[in-house]
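Thanks for sharing this one with me. Here are my notes, as numbered points to read beside the model.

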There are 4 protein chains.
Amino acid sequence: MKITSNFDSGNIEIIKADDPADIQLAIRKDNQSDFYQWFHFRLNSPHPQMHKITLTNAAGSAYPDGWQDYQAVASYDRQTWFRVETEYDGKALIINHYPEAESVYFAYFAPYSYERHQDLLHQAQNDYNCQLIDLGETLDGRDMSLLVVGEPDDSKKKIWITARQHPGETMAEWFVEGLLDRLLDEDDGVARSLLAKAVFYIVPNMNPDGSVRGNLRTNAAGANLNREWQNPTLDRSPEVYLVRQKMLETGLDMFLDIHGDENLPYNFVAGAEGVPSYNEHMKQLEQDFKAALLAVTPEFQVKYGYDKDEPGQANLTVATSWVAEQFKCLAYTVEMPFKDNADLPDAAFGWSDIRSMKLGQDSLAAILQVVDKLR
Amino acid sequence: MKITSNFDSGNIEIIKADDPADIQLAIRKDNQSDFYQWFHFRLNSPHPQMHKITLTNAAGSAYPDGWQDYQAVASYDRQTWFRVETEYDGKALIINHYPEAESVYFAYFAPYSYERHQDLLHQAQNDYNCQLIDLGETLDGRDMSLLVVGEPDDSKKKIWITARQHPGETMAEWFVEGLLDRLLDEDDGVARSLLAKAVFYIVPNMNPDGSVRGNLRTNAAGANLNREWQNPTLDRSPEVYLVRQKMLETGLDMFLDIHGDENLPYNFVAGAEGVPSYNEHMKQLEQDFKAALLAVTPEFQVKYGYDKDEPGQANLTVATSWVAEQFKCLAYTVEMPFKDNADLPDAAFGWSDIRSMKLGQDSLAAILQVVDKLR
Amino acid sequence: MKITSNFDSGNIEIIKADDPADIQLAIRKDNQSDFYQWFHFRLNSPHPQMHKITLTNAAGSAYPDGWQDYQAVASYDRQTWFRVETEYDGKALIINHYPEAESVYFAYFAPYSYERHQDLLHQAQNDYNCQLIDLGETLDGRDMSLLVVGEPDDSKKKIWITARQHPGETMAEWFVEGLLDRLLDEDDGVARSLLAKAVFYIVPNMNPDGSVRGNLRTNAAGANLNREWQNPTLDRSPEVYLVRQKMLETGLDMFLDIHGDENLPYNFVAGAEGVPSYNEHMKQLEQDFKAALLAVTPEFQVKYGYDKDEPGQANLTVATSWVAEQFKCLAYTVEMPFKDNADLPDAAFGWSDIRSMKLGQDSLAAILQVVDKLR
Amino acid sequence: MKITSNFDSGNIEIIKADDPADIQLAIRKDNQSDFYQWFHFRLNSPHPQMHKITLTNAAGSAYPDGWQDYQAVASYDRQTWFRVETEYDGKALIINHYPEAESVYFAYFAPYSYERHQDLLHQAQNDYNCQLIDLGETLDGRDMSLLVVGEPDDSKKKIWITARQHPGETMAEWFVEGLLDRLLDEDDGVARSLLAKAVFYIVPNMNPDGSVRGNLRTNAAGANLNREWQNPTLDRSPEVYLVRQKMLETGLDMFLDIHGDENLPYNFVAGAEGVPSYNEHMKQLEQDFKAALLAVTPEFQVKYGYDKDEPGQANLTVATSWVAEQFKCLAYTVEMPFKDNADLPDAAFGWSDIRSMKLGQDSLAAILQVVDKLR
Ligand SMILES: [Ca+2]
Ligand SMILES: [Ca+2]
Ligand SMILES: [Ca+2]
Ligand SMILES: [Ca+2]
């Protein structure tokens with residue numbers, strides 16, 4: 001029997017792995033950080049029996065409430081990720097699984113590898129309507145990549161979409177893959193209408209270093225990128241620095257920052273009501289966008305979400321707030337669950353890579369409903 | 001050089017086919033009928049030159065206005081159907097095309113063969129959530145087939161969808177294929193939500209005989225099925241008789257009858273405002289459904305369409321009117337263009353098989369918005 | 001419960017179809033002919049029970065020995081054709097099957113429709129290396145189509161391949177589909193080597209009328225095309241007339257005529273040892289080809305086959321014999337089983353569409369081994 | 001403009017990358033080794049012009065003759081790898097390329113990533129006929145994985161296949177992917193015949209650490225694994241140690257070790273004629289295998305290859321020799337070109353990933369021809 005994690009976004013520490021009935025593991029912290037919650041490991045076991053896998057340090061993770069009602073995902077073929085029996089006893093997360101194949105991967109959510117990320121970028125650039133722009137380099141020497149979809153033109157709205165500032169929130173890049181597939185589909189009416197009116201600037205992965213390293217929230221320097229938007233530096237947060245700089249260069253009329261939420265079993269958005277410049281126009285746009293998204297998919301809802309910021313109390317180091325304040329525009333954080341969507345539960349798969357892609361596709365129809373009002 | 005049409009939905013008469021610069025053809029009438037407009041033929045030509053194909057009797061067709069701004073479709077591989085240069089001089093329809101392969105098919109719209117129809121039915125029945133029901137036989141001895149999607153339950157709404165009463169309106173079956181694909185997609189939130197609340201009764205092809213024969217509007221007996229709903233008979237219109245009988249057996253809460261329109265370059269719906277029982281509830285449902293469809297796709301619009309019937313003036317021999325009156329429910333005829341959608345024109349492909357499928361998918365999101373209010 | 005056959009290559013007569021435990025059917029004769037053996041029908045049944053289907057006139061069919069150890073094929077999705085429990089009592093063929101879906105197709109072998117035939121031709125013509133040539137018309141007004149693969153050049157060998165003179169032998173067209181897929185594969189070494197040395201003239205379906213009609217052996221005039229090669233006429237056997245004429249025009253260095261055999265559970269070839277001109281060179285080529293095919297696939301064998309003709313006793317009305325005599329070349333009839341390959345039995349699928357395609361692919365490697373010696 | 005290589009199997013050093021007309025790079029040495037020849041990097045450039053890329057230290061690489069007539073591969077979409085204009089002046093390798101997209105990858109040969117490697121293993125294990133066995137760990141903590149195909153049984157021959165001891169020889173893993181696809185194809189006669197007679201033990205990647213690191217020939221400790229077979233140790237060459245140990249446990253009747261050759265533009269095999277135990281039986285098996293492979297594919301040849309070892313002069317530290325001597329069996333090194341196959345040149349793609357896969361498939365037909373004679 002063996003547990004390994006030396007692969008893209010692998011993350012685990014082995015405490016004890018000699019007895020299938022009592023495998024004890026710990027989630028490794030993000031480097032230079034105390035955050036941890038993302039796990040991803042492979043179990044090779046020849047034993048035809050129930051395996052009990054205990055993540056012993058679950059209670060100390062970044063979002064211990066995230067383990068309530070959470071079911072881990074697993075895969076035999078690295079393509080289909082299904083939910084496995086998981087319980088949280090207030091201290092440890094315990095996975096009970098009887099493997100049906102010799103090797104099985106477990107993860108916090110369906111992984112999205114750097115290889116797939118590169119495939120996404122390069123298959124997109126082959127589309128005549130899409131350009132791949134290199135913004136610069138991460139601390140580990142990876143590329144910060146931007147996809148520009150549509151022919152830039154001053155009259156068109158500039159819509160920016162960023163994903164995976166927190167690298168463990170892989171659903172964010174699945175969302176972007178879905179959105180991008182649709183946006184490049186020449187037979188799709190929503191995509192065609194949007195590209196007549198807007199140019200999309202898409203950063204499919206804001207944090208490639210953290211992604212490859214198997215981090216939950218931070219980059220190679222231990223920085224939580226979503227607290228770096230007011231004063232990013234090339235030393236500590238080049239990812240934000242480079243993207244922010246490009247935003248200032250292109251201008252920006254709408255912004256979606258795609259995330260996953262550990263606790264809430266719902267899809268929801270969090271807006272910019274707490275930024276100093278928040279006004280009626282922004283409020284109306286928010287309402288219109290939410291209504292539009294509600295009209296296209298029952299996966300979205302507005303009942304559950306974060307508490308709203310008090311006026312003027314927004315944390316301007318956060319991407320959505322900084323962008324809203326800087327550009328006086330519609331800016332939303334989109335949150336998807338690690339768990340399931342409680343409105344539409346799926347015991348076998350929970351919220352998944354595929355559902356994330358579909359939400360990305362559907363979000364384009366909602367953007368179309370507001371695009372004419374953005375400026 | 002040779003023109004042939006002895007294949008599924010083939011339809012043409014040859015007047016003169018010895019000179020590529022002057023090929024003269026006529027559209028054959030539907031059997032036992034004076035209707036004609038559907039054409040479908042294959043040109044084999046070894047001549048590397050422009051071919052001028054004149055459909056000499058276009059002016060006498062069922063909808064001569066349909067030829068205005070119309071471009072015929074063609075295909076080299078029977079998969080991709082592109083638009084070719086076409087003009088209407090008030091008498092004849094003239095197609096000018098320089099073939100890039102030895103054999104090219106021309107048609108009024110992308111064909112949907114009986115083979116594909118059978119594939120659709122049988123791949124659907126393999127889904128655990130779908131049942132294929134045989135309703136009886138057509139005059140030519142083909143099967144009248146019904147797909148039931150979802151577990152029947154009295155508490156669920158019954159939603160009926162019929163397509164292709166007029167066999168030449170192939171976009172109607174493409175629409176159903178798209179709708180069905182989505183409805184059977186277990187990862188789709190709209191489909192899952194709908195199937196929790198409704199059962200779908202889908203007739204992908206109301207007129208298989210006319211389809212195979214290459215008719216525009218009629219069945220094997222020359223009957224326009226969409227004028228047979230008040231008194232269908234097994235002798236003249238068994239297709240309607242059998243479907244109507246099953247509707248009366250299952251009950252019905254919502255109805256969409258899918259069509260193509262020869263004249264208008266738009267997607268639109270035609271309702272039941274002219275039936276005696278029309279009331280505020282039905283009116284509200286119609287408005288809600290239209291608003292919902294507008295919210296999911298720019299391919300739909302409500303500006304252009306048929307003139308509304310005066311109160312009480314509806315023709316109750318028409319499916320939508322008969323159903324609305326019989327079941328006091330939301331009932332719409334959905335119309336798609338043979339031409340293009342003028343709101344979102346695509347010079348290369350016009351309105352197409354693929355766009356029809358997408359509209360079918362999108363219509364499910366609109367149905368979801370009204371499903372709770374149907375009864 | 002209902003039995004129907006009004007679809008491409010459908011063929012059955014209903015004697016009694018009111019009791020699932022005793023369905024009695026008869027195989028319809030080929031038109032203007034006494035041959036019959038091909039059957040193809042659809043059973044719609046809501047009864048969850050074993051269905052006993054008796055083909056009452058099996059003993060009188062063209063090859064009654066063909067029913068020994070034969071298992072019929074069936075399909076729920078029209079894509080996967082599996083074998084079902086079948087027995088022959090010396091008089092009738094009895095199929096016992098408990099349907100797992102509402103509608104199930106039964107056939108003598110996996111059908112190959114005229115729609116698929118047209119798709120094959122037109123997808124092939126899209127390849128830059130392939131040309132679709134129209135040879136003329138059948139009696140029912142269908143196209144006699146020839147695919148020419150490779151750039152014609154006098155120095156290259158001319159290899160002709162014909163399939164499905166007997167329309168019920170659908171495996172012949174599956175074989176051609178496999179062969180053609182490989183021949184057009186630009187990454188395939190065998191295909192590239194062959195096309196440097198040879199041009200292929202391929203008739204995927206010698207008998208489209210019989211195919212659509214659901215015949216076993218004859219065309220629309222009741223002619224067994226494989227007895228028409230000495231004196232074909234446009235009135236009775238235009239299919240042979242047109243192909244033969246083109247052969248005489250192009251010349252011919254090798255010929256394979258693809259068939260299915262009702263009796264023998266093996267793949268084998270039948271040569272031209274009985275034609276007057278048979279000589280040592282032809283004999284050597286035959287031996288080389290057989291050895292080459294044995295070397296690439298265990299599906300082929302040389303132990304079982306037809307008795308060899310005595311010298312000079314060949315029937316020159318048969319395609320292979322006529323071609324061998326006319327062109328003094330390597331000419332083989334390739335036979336595949338309707339049953340299974342007893343050397344490599346597969347209880348679930350028997351000899352199948354997929355295995356036929358693979359044999360077609362493998363045959364190219366064998367042709368490559370003899371191509372340099374053909375003239 | 002930017003050159004990067006921080007991705008799977010990336011390998012380059014930047015000397016000068018500020019002028020598209022004069023980009024100067026160097027190939028990095030394998031870690032703890034002087035070998036180098038594998039390169040893999042990405043060029044991001046916004047400049048619409050010819051780019052001249054000089055690999056300045058080509059002359060000092062492991063196989064400087066390998067650069068003669070060599071064309072580098074490049075890709076815009078990471079799926080299609082085409083050849084680009086490349087010349088060797090005796091000192092440097094110079095690539096001239098006008099990029100048609102913003103980002104382009106260059107490599108010595110089509111890469112095969114560790115992600116794809118894991119996909120290969122886990123999709124294979126999902127097949128009922130295949131088992132994934134963990135043999136232990138590499139020095140970098142990666143898994144040494146073995147696929148066992150077929151039900152082990154003493155009467156069956158044991159056929160071992162290893163690939164990519166030299167990690168830069170990626171064609172070896174493409175070969176295995178092709179071979180494995182066919183071996184797991186239940187409709188394939190060759191596969192079915194083989195699995196009735198033999199069990200396959202396949203190591204798709206003997207050197208995962210070197211592969212991820214972008215090495216040409218060595219593992220994480222700088223060891224050339226193909227010189228470690230006489231005395232492998234867990235400290236220096238655990239990859240060989242673990243595989244050798246398993247071979248001794250299972251026994252072995254035939255061995256293929258899959259490689260790429262830098263110099264020769266041909267596919268060829270190198271045998272064990274130099275091992276002390278070499279005998280007539282082994283010689284005959286070698287001849288039979290070569291003849292069989294010649295009979296299935298023109299991509300193979302026997303004219304060009306390595307000089308044969310003198311009797312008794314084989315280097316027994318090499319896998320093929322050690323295995324042949326240990327097990328007195330048929331053992332071959334299979335070599336594919338980095339360049340092209342000069343017998344069947346393809347200017348656009350050269351020898352490729354796809355052709356390597358096909359050779360892997362074809363090799364199974366050759367194994368079938370000798371399997372009965374192996375013991
Ligand atoms: Ca591009
Ligand atoms: Ca079903
Ligand atoms: Ca062509
Ligand atoms: Ca397995």
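1. In this predicted model, chain C has an open sheet of 7 strands with mixed pairing. The strand order is β11-β12-β14-β13-β15-β17-β16. At the edges sit β11 (130–137) and β16 (268–270) of chain C, each of which pairs on one side only. From one strand to the next, the twist averages 25°.

2. If you would like to look at one pairing in detail, try the one between β11(C) and β12 (residues 143–149) of chain C. These two strands run antiparallel and are joined by 7 bridges. A handy place to check the register is Q131(C), which stands opposite V148(C) in β12(C).

3. Next, the interface of chain B and chain C. Here 35 residues of chain B are in contact with 34 residues of chain C. The two chains bury about 3,200 Å² between them, and 36% of that area is on carbon and sulfur atoms. Which three residues supply more of the area that chain B buries against chain C than any other three? They are N6(B), R78(B) and E102(B), with 19% of that area.

4. The polar side of this interface deserves its own point. Between chain B and chain C the count is 10 salt bridges. For one to inspect by eye, take the side chains of R42(B) and D143(C), which meet in a salt bridge at 3.1 Å, N to O. Across the same interface, 31 residue pairs are in polar contact, with both residues at pLDDT 80 or more.

5. Where on chain B do the residues that touch chain C come from? The elements that each supply at least two of them are β1 (2–4), β4 (40–44), β10 (103–107), α1 (114–125), β11 (130–137) and β12 (143–149) of chain B. The largest share, 8 residues, comes from α1(B). By type, the residues on this side of chain B divide into 7 nonpolar, 15 polar and 13 charged.

6. Finally, two chain pairs that you can leave out of any contact analysis. Chain A and chain C have no contact joining them, and their closest C-alpha atoms lie 22 Å apart. Chain B and chain D do not touch either, with their nearest C-alpha atoms 22 Å apart.

How values were computed. Residues are numbered from 1 along each chain as its sequence is written. Chains are lettered from A and ligands numbered from 1 in the order in which they are written. This is a predicted model: local features need pLDDT of at least 70, side-chain atom pairs count only at pLDDT 80 or more; totals for chains, interfaces and linings use all residues. Side-chain values use heavy atoms; hydrogens and water are left out. Contact means heavy atoms within 4.5 Å. Buried area is the accessible area (1.4 Å probe) that two parts lose on being put together, summed over both. A salt bridge is a side-chain nitrogen of Lys or Arg within 4 Å of a carboxyl oxygen of Asp or Glu. A polar contact is a pair of N or O atoms within 3.5 Å; within protein, one must be able to donate a hydrogen and the other to accept it, and residues adjacent in sequence count only if both atoms are side-chain atoms. Helices (H or I, at least four residues) and strands (E, at least two) are DSSP runs, numbered from the N terminus. Ala, Val, Leu, Ile, Met, Phe, Trp, Tyr, Cys and Pro count as nonpolar, Asp, Glu, Lys and Arg as charged, and the others, Gly among them, as polar. Two strands pair if DSSP finds at least two bridges between them. Axes are lines fitted to C-alpha atoms, for helices over the stretch in contact, and angles run from 0 to 180 degrees between N-to-C directions.
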